[in-house]
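Please find below some notes on the structure, set out as numbered points. They begin with one aromatic residue and go on to the packing and the charged pairs.

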Amino acid sequence: MAWNQPGNDGQDRDPWGSGNKGGNSGGNKGGRKRGAYDLDDLFRKLGSKLGGKKGGGNGGDGENKQPSPLSGKLGVLALAAIVVVWAGSGFYTIKESDRGVVLRFGEFSGVVNPGLNWKPTFIDQVVPVNVETVREQATNGMMLTSDENVIRVEMNVQYRVTDPAQYLFSVTNPDNSLRQALDSAVRGVIGQSAMEQVLTTNRAFIRDVTQKELEATIAPYKMGITLLDVNFQAARPPEDVKAAFDDVISAREEEQKTIREAHAYRNEVLPLAKGNAQKMIEEAEAYKASVVFKAEGEVASFAKMLPEYRAAPEITRERLYIDTMERVLSNTRKVIANDKSNSMLVLPLDQIMRNNGGNATSTPRTDLPPKMTNSGSNNSSSNGSAQSNSAARNDAVRVGRQ
């Protein structure tokens, strides 16, 4: 209500109780004049009330006095102090991990970076939003698979706020909305998978598909968050059949263990077998080359001997026969004696065999001198052993031809 309400018959309704009466020297009838001295009058009257002094003077209670310079300075200082306090209250700090969302009269105005900032108090409001912390939402429950089995699945999602404005204003409660979207995505994927796949072999695939489904679900809502990872924590059958499923899993693990051991044994044996096979092939190739070269050498030898055979067939035939018999009989432990003679021949077989390395072929000669056939002479035996050793092969050839 105004101090000087129009139509009050000139009565000044001063809230300080000092009404102006008709004899005011300033001629302020019908309400005081609004001007530069209203604030000074206010402080002056406030000081009078606090000091217990009346506002009247020479002219009575309603007499207006000229304001003093001191009261004007106090008013300016008070106003300046209020402005300073108001300006100082606008400074604030945003943490390194946060971003400040500025609301001007309740409407989004912008986003400020970490550090010292200023806002006009009572005009702007700043809401800090953490954009560095990795947040987590989880879901779990009994879910139905495609083969009409029930399993308990636990899965969580890790995410981070990337757009503070969308995070605050696009959805009423983005964290709760993300949890519900996660639960829906998990149930949809589990409902399209068989129980055995969920429990054992297909867990990684289910996790990837769930993450893609969740991203597609929250994309239209523009929640201002980015998914980092989806973790498939646990999937287990109901407690009533858990023991049977544990046996199945143990059997499958044993099967995989046996397969790995078989692969290890194969990797150990197969290279060795390949090496042995290659060794046999190389030995066969070497033997083949040896036989071929030997045959080619014999062919070349016979080719060189052919002109000699044509020139003297009998001599060449005799020489070939002698060489062949020498080669054959040199590898046998036999002593060939000529029994056509009536005389007895004593040969030093032990010494002959010792000199020939255990492989000796000797033949008694009937055309030796009498002293060579004397059984009582040791000297003749020892002296004739060397000669018989050198001539044994020729005698054996002759006997063989007879």
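1. Tryptophan 118 is part of strand β4, which covers residues 115-118. The model is a predicted one. With a relative accessible area of 40%, Trp118 is partly exposed, because the partly exposed class runs from 20% to 50%.

2. Which residue forms an aromatic pair with tryptophan 118? The whole structure has two aromatic pairs. In one of them, tryptophan 86 and tryptophan 118 meet edge-to-face, with 6.1 Å from centre to centre and 85 degrees between the planes. Tryptophan 86 belongs to helix α2 (residues 69-88) and tryptophan 118 to strand β4, so the pair links parts that lie 32 residues apart in sequence. Tryptophan 86 is also partly exposed, at 32% relative accessibility.

3. Both tryptophans recur in a nonpolar patch on the surface, made up of Trp86, Phe91, Phe105, Leu116, Trp118, Phe122 and Ile123. Together these residues have about 850 Å² of accessible area. For the protein as a whole, the accessible surface is about 27200 Å², and 54% of that belongs to carbon and sulfur atoms.

4. Some overall values give the setting. The protein has ten helices and ten strands. Of its 402 residues, 26% are buried. Taking contacts between residues at least 6 apart in sequence, 67% join residues at least 24 apart.

5. The largest nonpolar core consists of 32 residues. Val153, Leu178, Ile190, Leu214, Ile218 and Ile225 have the most contacts inside this core. At least two core residues come from each of β2 (98-104), β7 (150-161), α4 (174-191), α5 (195-201), α6 (203-218) and β8 (225-236). Helix α4 contributes the most, with seven residues.

6. What does isoleucine 218 contact, leaving aside its neighbours within four places in sequence? The list is Leu178, Ala181, Met223, Ile225 and Leu227. Two of these names, Leu178 and Ile225, also stand with Ile218 among the core residues with the most contacts.

7. Another core, of five residues, lies apart from the largest one; Ile94, Val102, Val112 and Val126 are among its members. Valine 126 lies in strand β5, residues 124-130. Its relative accessibility is 17%, so valine 126 counts as buried, the limit being under 20%.

8. The surroundings of valine 126 can be listed in the same way. Apart from neighbours within four places in sequence, valine 126 is in contact with Tyr92, Ile94, Gly100, Val101, Val102 and Lys119. Ile94 and Val102 are thus named both as contacts of valine 126 and as members of the five-residue core. For glycine 100, the C-alpha to C-alpha distance to valine 126 is 5.8 Å, although the two residues are 26 apart in sequence.

9. The charged pairs come next. Seven salt bridges are found in the structure. One of them joins aspartate 183 and arginine 187, whose closest N and O atoms are 3.1 Å apart. Both residues are in helix α4 and are four residues apart, so about one helical turn separates them. Arginine 187 is partly exposed, at 37% relative accessibility. Helix α4 is also the element that gives the most residues to the largest core.

10. Arginine 207 takes part in a salt bridge with aspartate 208, with the closest N and O atoms 3.1 Å apart. Relative accessible area is 25% for arginine 207, which is partly exposed. Aspartate 208 is partly exposed as well, at 33%.

11. Which parts of the chain does the salt bridge between arginine 207 and aspartate 229 tie together? The side chains of these two residues meet at 3.4 Å, N to O. Arginine 207 is in helix α6 and aspartate 229 in strand β8, so the pair connects parts 22 residues apart in sequence. Aspartate 229 is partly exposed, with a relative accessible area of 26%. Through shared partners, the salt bridges join Arg207, Asp208 and Asp229 into one network. Helix α6 and strand β8 each supply at least two residues of the largest core too.

Note on methods: Residues are numbered from 1 along each chain as its sequence is written. This is a predicted model: local features need pLDDT of at least 70, side-chain atom pairs count only at pLDDT 80 or more; totals for chains, interfaces and linings use all residues. Side-chain values use heavy atoms; hydrogens and water are left out. Patches are made of residues with over 30% relative accessible area and no salt bridge: like charges are joined within 9 Å, nonpolar side chains (Val, Leu, Ile, Met, Phe, Trp, Tyr) within 5 Å. Accessible areas come from the Shrake-Rupley method with a 1.4 Å probe; for residues, only the protein chains shown count as cover. A salt bridge is a side-chain nitrogen of Lys or Arg within 4 Å of a carboxyl oxygen of Asp or Glu. Buried means under 20% relative accessible area, exposed over 50%, partly exposed in between (1.4 Å probe, protein chains only). A nonpolar core is a set of buried Ala, Val, Leu, Ile, Met, Phe, Trp, Tyr and Cys residues joined through side-chain atoms within 4.5 Å. Contact means heavy atoms within 4.5 Å. Rings of Phe, Tyr and Trp (its six-membered ring) pair if their centres lie within 6.5 Å; planes under 30 degrees apart count as stacked, over 60 as edge-to-face and the rest as tilted.
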